[in-house]
Every structure is written in C-alpha cells, then in structure tokens.
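Q: I've got a structure open and I'd like to go through it with you piece by piece. Can we start with the aromatic residues and work outwards from there?

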Amino acid sequence: MGLTKQYLRYVQSTVFGVVASNNAHIVYISLDGERGNLIAVPAVEHVIIWNIRKNEKVLILEGNKHEVTALTGCPQSKLLAVGYADGAIQLFDLSSGDPSIVFNGHKSAITTLTFDKAGLTLASGSKDTDVILWDIVNESGLYRLKGHKGIVTKCQFMKTKNILITSSKDTFIKFWDLDTQHCFKTLVGHRTEVWDFICLEDSKLITGCGDSELRVWYLNFKDDIDEAPESKKAKGDDEDDEEDDKVSLLTCVKAGSIMRLSRERLVSMGTDRSGRLLCCHGPESNVELFLICTEEEAKKRFKKRQKRARRRREREIEEAGDNEEDIPEVELIRGAEDEIKHHSKIVTSSKVRAFDVLVEKNDMVSLVTLLHNNSVEVHQMNITDTSSENHNIKRLLWDGHRSDVRTVCFSSDNTAILSASGDSVKLWNRDTLKCIRSMSCTYALCSIFVPGDRHCIVGTKQGTLQLFDIATGSLMEQIKAHENTVWSLALMPNKRGFVSGGTDKTIKFWDFELVDSETDQSKKLSMEHKRTLEMSEDVLCVKYSPDQKFIAVSLLDSTVKIFFADTLKFFLSLYGHKLPVLTMDICSDSSLIVTGSADKNIKIWGLDYGDCHRSIFAHDDSIMGIQFVPKTHLFFTCGKDRKLKQWDADNFEVITTLEGHQGEVWCLAVSPSGNHIVTASHDKSLRLWQRTEEPLVLEEERENEREKLNEAAVAERDSEPVVAGETAVEAVLAGKQTVETVKAAERIMEAIELFKEERSKVIEHREKSKAVKKPLPLPKMHPILEALGKVSPTRYVLDVIKKVRSSELEEALLVLPFHYVEDLLKLLDVFLSLEWESELTCRCLLFLLRIHHGQITSNQVLLPVIDRLRGHISSTVGNMRDTIGFNMAALKFLQSEIEAKKEVTFFTDATDKFHEAGRKRKQTRKRKGVALLTL
C-alpha cells in the first residue's frame, strides 16, 4: 500500500539567544598557554567557550538533548568534563571540540565534577547520592562509593594523600580512602546541609552550610599529629563531634568560624590555584572575598589579638581595684580569625549563580561571575585593594535577553525574527542569527510586524502599545491602550490596521495612519483608535480569519466567541474547554479554528457551524502557543511540558514531537513560507526549526517513539547489578545498564554464536575429509567474515569486543549468560596464547573471574581452561612488563642525552654571549676614541 499522505520532517536548525545557563558552573580555561582570556559556560545542552577580551564566541561543545548541570576543567591537559541532567559525563578535547570520552553511571543529574592532581582520575557526584571514580586513561569506571543519604554537593581530592572528600545535603562530610575504597571518617559537626567546602593544603577544611557561618576545621592525620602546631594540639576533643577519634587515622578539630556579611545560605565557594584568595556567595547579587593568611601573617594577627586581650584585662583589673582575683585569666588559642580575614565585597548587577577566580602574577584578581539573567560579568581589582568600589567591571551581555522571551514573530519576507521579553525587543537575522537591533521596552507579552517590516508594535503588561522604528531602534509612539495587561495583538488581513485585547474586558480596533512629524516636515507612522468592543470577561487571545469575515476572541470563562468582523455582531460561541483558552489560530482557508487551553487539550472546530471536530489531549501541561502552517491544515503547538508538536487537523493525529527545550516553551511563530519555526522558552534560548526534504512516515515515527520509551524504561531501572557472593558494601561497580550496554552484549553473543557455527563447519569438514580419505573443498565462509576481508572467526570475536566502548565493557560482560561466558573464556585463552590485545583480554578475563568465581571454580569442564589461562596470562604479562621496562630505560637514556646536550648548548651560548659583549665594548671604545680625535 502506498503512502496516502506525505509529510516533510522538521529538525532543529540551531539554538541562539542564550549566553549562559544558570544550572552549572563557569570556569576559566587555558588554550595555547593563554589563561584569563577564555571561559567555558553552560548554554542549555551545549557548552560555549567565550573570549572575554575580544567579546566573541570561540567554540561550541555540542551535547545531546539533556541540559548541562556541571562542568570542570583539567589543569594538566586540554580536557573539559561536562555532566548532564541524565547522569552522563562527556570529556571534550578543547583543541578540537570533539567529545573524546563518554561515561554513563549515574541515574540522575550530575552535581559536581573534579579531577585529581595528576588529571588521570575524575570523581563525579550526583543527585542519586552516589560518588563514582572514573579512569581517564582506561576510559572506564573504577568503582561507585555509596554512603551519602542526600544529594552530593562537592567532591575534592587531597593533594598529598590518596583520599577523596565529599559533602552532601545529609549534613555529613565523608573522607574516603581510595586504596581500600571505604569511608574511614565522617564529619558530623553540621546541623544543616553542607553546600560546599574547600580543603587547603590537606590540613585545613572550610565548610559552608545553610547559615551565614564558614566553619574552619584542622585536619590532623595520625602520622602528622607530632608535627602539628601547638595551637592545633591545644584544642580539646570537647569541640569535636566525631566518635572514636582516638582510633581514627584522622582527627578533625574545629578551629572557629568566619562570619559572612550575608545572612542567607551559602551557594558556592572557591579559591584561586595558589590558595591565597577565598571567594563565596549566597543567593544574592554579591561575592565576598577573604584573604587566607600565610604562617607569618597569621602569627602577627595572633600576637596583635593577644596584645588587645592583655590591654583589655589590664583595664578590667584597674577598674576592679581590690577585686582583682575575681577577673579570670583568658587563655587565647590561635584559630580561624587569625588565619582568614575579610577582604572585600563585589556587587554584581544580578543574582550570582557561579563564579571562578584567577589571581595573575601582578596580584590582579579577575573574578568572572555567571548571573541568573543570562549574562556574565568580569570584575578586576588588585589584591591589595580592599575597597568594594575601586575595581573594573566588564559586563559581557552579548546577544541575548535578560529575562524570558514571551513573544516571537516572523517578518513577511521570512528573513527577520522579532523577540520581546521583560526588558527589551530584539530583531534577529534568520540566516546569521545575529542581533540586528535591540530596543528597550517594558514587559512585553505580544508583538506584530507592521506591514512593510520597517516598524513593529509591542503589547505590554502595563497595558500600553509601543511602536518602534526598526531602522533607528527608537520608540516612535506609546499609547495607553488598555487599563491592564495587553494579552494579544492581531493584524488585519487587509494590512490597514490591527486589533488588541486586554484584561480590561475590551477589544480595541486600530488603524495605521501617517501623521506630521513634530521634528521635521516628513510624515511618520501612528496608531489611531477606531472602535471598541466590550466583552463580559478578560480577553486572552484575538484572531482574525484570513478572509477577514470573522474575528475570534477567547475569554477567561473558557469560551471562544466568534463575531462578524464588519458589524461586530455575535456569530458563534465555542465552549467545551474546562480551563481558559490561552492560544488559538485559524487556517488559511478560514474553514478551521484550533484552540489550545490550560486544560492541556486542543480542540479542532469548524468555523462554518461551530461544531467540534475533535478534542485531543495534546500536552502534559498548559498549551502556550498554536499556529497553522500557511496554506495547509497542519499546525504546531507548544506547551509548558517543553515540547513542540506537529498535528494534522484533517486526520486528527500527531505527526511528530520535537524535543529540545529545557524549560517551559512560552511561544512559537511559523514563518510565512512554512519552512521555519522559532520557539522561545524559560531556558532563555530561542530555537530555530527547519523543514527538510526528508519524508516522514507515520509508522516509522510511532516505532521510534516506542523505542524511546523502551530506552527510557531501561535507563530508569533502579536495580543495582547483582554480583554473586557480594553483600552490601560501600564500593560497587561504577557503570549502569543502558541500551548501549545491552546492544553491546547482544553483539558479543552474536559473535560467539558465529564463531561456534564456523568452528562446527570446520570440524564437520575435517571429519568428511577423513571419511573419504581425500581433501575436500573448504566450506563457504560466513558473509560477515567475507565482507570484513575473510577475517578468522576468532579474530572477529576480538574485533567485536574491541568495538565496545571501554566505559561500557564491564556492564556488557555482566549481562552475558553463563554458557556464553564459558565459550568466551576459551576464546580469551586463545587470544592470550597468540598475544592479541593482551591488555583488553586480561581486563575481560579478570572481570569475568571475579563476577563468576563460584560457578567457574565449581565447573570441572573449565578447570583445564583456567589452568591454561593461568600460564598464558603470567607469560603474557611478563612479556608486557619486559617491553615496558625496556622502553622506559630507553626513554630515560634519551632524556639524559638531551639534558646533557642542553647543558653543553647552554654553556656554549653563555660563552658566545660573553665574547659578543666583549666585542661590543671594544667597538664602543673605538668609537669614543675616534670622536675625541675628531674634536
């Protein structure tokens, strides 16, 4: 059966208008040795690299469909780790912009990422309360640390010890020994959520909670207690809430508290690389700076405090007179107030979401802040300057709205896009997506282009209509049209005027007029009010039918009234929605009207009799926008469920669902040609969707949707992988079962089946040849093996295992049934004997032995295989060790040769420079002698 109706597919073309999202951090990055010029910021599902000195976009690191929730840079390499809302982690190579490594292990959004000192291990924390360590070199998960009962807020490696510190909303800070993979210390001295912490020089811990206090703790390890300062020893265990400190490797002693100026909770804090400057901020629009004193500065501050205390006691003794014995002698102990002092407070233009700080060689502090209003600010000041005013501010707004875009529309020639938000109206070029004009306005809710595309009209929340001249970007006229909010504007089909509807229960009709300009003799465009139609309820949406016969009005009472456009007489009332109709549209031939409501339903009505053709449950939340594709009965809807859907009004079915926005979609606009759609969302992004030439088949689309539901069901499984013989422990497997791991396991099983089939063919051929006592022609090879260049079945199995992503290999092997494991062990024995991919083979072998240890040891058939494997693996690993040792020795020899040559070259250069300086001195003396003789 042929296709009865063909649709063309719409795809997302690009994302624009977003400078930086506020769900992740902002970091300084270095490329080509430059540091302080480039920053990495989250931009919905992408990461943008901005050059803050040139004000230009350098690179876009494209992600998948999920939002970026965490990012951090590796100081030792050009790697940027990015965490997403679905629990995935991607490592991008900044030199090329391509994702080099992908990790899947968490079940929910990533909240924190951190590299170790060498940049070889990555720790990630998530909303699923787990911490996972990843091996960057092997591109695989090491293990998962379980212990926290709340969202993990921060992870940090110690620099000198193999210890990881983690904090969580369960009020605990845990210290994990990574050699034994267990938590050996839990700090319980907090009463509210621990939002962030900083570990300084592995000896000091600064924590921030839900109050205005920064708590400082001394970390004393058992082997360091004898070397600790007297001030740290003097603190008793009375202030430490830990249990079993006497037997623990680590004791945490509270050194005091630093009070922030803010009274709100801490959001985040951080230091520069040198650990000299501590910065922190709350949910307000400021960042507080603290200086961390050196040992000499701390001693000086402590001595000054002792002097002040002695003077105070002397004054008290003088005032007491004979009662001198009643005044107790106070013993001062060095604490947090001596080692950390308040520096200054930097005020920003909006609420701070995240920051990064950089102290340059000339003691200049560069503080870059990511704000909630889709902008970035850079503050520069000298570290010796403690005033809050004397610093440079650079606001990096770029092209983007500061608040949510509530209305969009296309120009009549399809080349320009108008978007308006709570503070500005912007005009964008559709091809380049550059902002052509930016005009200040009040809170905009609706907009239209004036015929000719040289002017635009914006309806505002304050009830005004604002007329802008696009060429000059100036406000030409502002009229108080309604007493309250203007919810809708609709252009008349004859292009001579427009109609507005507001919450003052009126519909007003306006004509375009040319009036004399006040400044010169020319004419200028103006709006003239012609007539008013009173309604019984607030007007939410107004639409003209394209033939200009009817005008449709949606009211707050959940009905839609249809009036004759010329006489304004009542024609029809469309009722059936349970909640108010927020948006509607009429098709090009004026035969259908589609209404979208806050009750999540769309209704398709005939405009001739007002009959409801079909009511469809369309979205999972309120429907915010509807528009027909010109000259068709296809229409698009968008809603607060973050989706854009295409519908067929004749067949009453959804054609496709377009996902991409990470927040509520407020509005949409279809271009007059129908080739493009633009949508605006709460995530501050504008998205352009483009019609392609690819045909869309509904059956295939439904099949794809079912596959997505199955993949989502696999991803949402909460069951941990069950490993035989293991009990509930703190460290478990790092990976998680995904659709990719299941498919990888299926490919391995298919390869093993193919190998067994080919092996049986060879055995059968050998037996037949033996029976007839002459060589027979070889059996036909499997088509897959022939396509791959007549590769052997054994090699084919190894190639299939090699193609499995390193981070997913263990989960894929875990899914294999045991009878496949038996066959795979025999194949691994062959790989080791031939020394094929020895490292990968050993990894698979050791993992399978650990997982299936009980079944393998109890299986008599596998005993000879295990015995052969033991010999092969020892010889193979020995050969690898010898090769690596030989190469290391050769490299060290080359290093010593190069260093020796450099020293000789250095002395040669020094000698040449000395001789050159001598020659210059002689020439100078000669010139002076000649000058004297001349005189």
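Q: Which residues form one aromatic cluster here?
A: In this predicted model, one aromatic cluster is made up of Phe498, Trp510 and Phe512.

Q: And how many aromatic pairs does a search of the whole structure find?
A: The search of the whole structure turns up 13 aromatic pairs. One of them is formed by phenylalanine 16 and tryptophan 428, whose ring centres are 5.2 Å apart with 70° between the planes, and this arrangement is edge-to-face. That pair links distant parts of the chain, since phenylalanine 16 belongs to strand β1 (residues 7-16) while tryptophan 428 belongs to strand β32 (residues 424-429), and the two positions lie 412 residues apart in the numbering.

Q: Are phenylalanine 16 and tryptophan 428 buried or exposed?
A: Phenylalanine 16 is buried, and tryptophan 428 is buried as well.

Q: Ok, back to the cluster. What sort of aromatic pair do phenylalanine 498 and phenylalanine 512 form?
A: Phenylalanine 498 and phenylalanine 512 form a tilted pair, with 5.6 Å from centre to centre and 35° between the planes. Phenylalanine 498 sits in strand β39 (residues 497-502) and phenylalanine 512 in strand β40 (residues 506-516), and the two are 14 residues apart. Both of these phenylalanines are buried.

Q: Why give a distance and an angle each time?
A: A pair of aromatic rings is described by the distance of the centres and the angle of the planes.

Q: New topic: lysine 495. Where is it found?
A: Lysine 495 is found in the loop between β38 (486-491) and β39, and β39 is the strand that also holds phenylalanine 498. Although lysine 495 is not a glycine, its phi is positive, at about 65°.

Q: Why mention the sign of phi at all?
A: Most residues other than glycine have a negative phi. Against that background, glutamine 181 can be listed too, with a positive phi near 60°, and glutamine 181 lies in the loop between β16 (173-177) and β17 (182-187).

Q: Why does lysine 495 count as partly exposed?
A: Its relative accessible area is 49%, and partly exposed covers the range between the 20% and 50% cut-offs, so lysine 495 falls in that class. Glutamine 181 is also partly exposed, with a relative accessible area of 30%.

Q: And why does aspartate 453 count as buried?
A: Aspartate 453 has 18% relative accessibility, and because buried means under 20%, that value puts aspartate 453 in the buried class. The residue is found in the loop between β34 (444-449) and β35 (455-460).

Q: What is aspartate 453 in contact with, leaving aside neighbours within four places in sequence?
A: With those neighbours left aside, aspartate 453 is in contact with Ser411, Ser412, Asp413 and Ile470. For a sense of distance across the chain, the C-alpha atoms of aspartate 453 and lysine 107 are separated by 49 Å, and these two residues are 346 residues apart along the chain.

Q: Let's do helices now. How many helices and strands does the chain have?
A: The chain has twelve helices and 57 strands. Helix α9 (residues 818-834) is one of the helices, and its 17 residues reach 25 Å from the first C-alpha to the last, close to the 24 Å expected at 1.5 Å a residue. Its buried residues include Phe818, Tyr820, Val821, Asp823 and Phe831. Just after α9 comes glutamate 835, which takes a positive phi of about 55°.

Q: What about α10, why is it called largely enclosed?
A: Ten of the 14 residues of α10 are buried, so the helix is largely enclosed by the rest of the structure. Among those buried residues are Leu840, Cys842, Arg843, Cys844 and Phe847. The end C-alpha atoms of α10 are 20 Å apart, which agrees with the 20 Å that its 14 residues should span at 1.5 Å a residue.

Q: Which helices do the buried residues of α7 pack against?
A: They pack against α5 (739-772), α6 (783-787), α8 (809-815), α9 and α10 (838-851). In α7 (residues 793-803) itself, the buried residues include Pro793, Tyr796, Leu798 and Ile801.

Q: Last one: what share of the whole chain is buried?
A: Buried residues make up 51% of the 935 residues in the chain. The C-alpha atoms fill a box of roughly 120 × 95 × 95 Å, taken along the principal axes.

Technical notes. Residues are numbered from 1 along each chain as its sequence is written. This is a predicted model: local features need pLDDT of at least 70, side-chain atom pairs count only at pLDDT 80 or more; totals for chains, interfaces and linings use all residues. Side-chain values use heavy atoms; hydrogens and water are left out. Helices (H or I, at least four residues) and strands (E, at least two) are DSSP runs, numbered from the N terminus. Buried means under 20% relative accessible area, exposed over 50%, partly exposed in between (1.4 Å probe, protein chains only). The expected span of a helix is 1.5 Å times one less than its number of residues. Contact means heavy atoms within 4.5 Å. Rings of Phe, Tyr and Trp (its six-membered ring) pair if their centres lie within 6.5 Å; planes under 30 degrees apart count as stacked, over 60 as edge-to-face and the rest as tilted.
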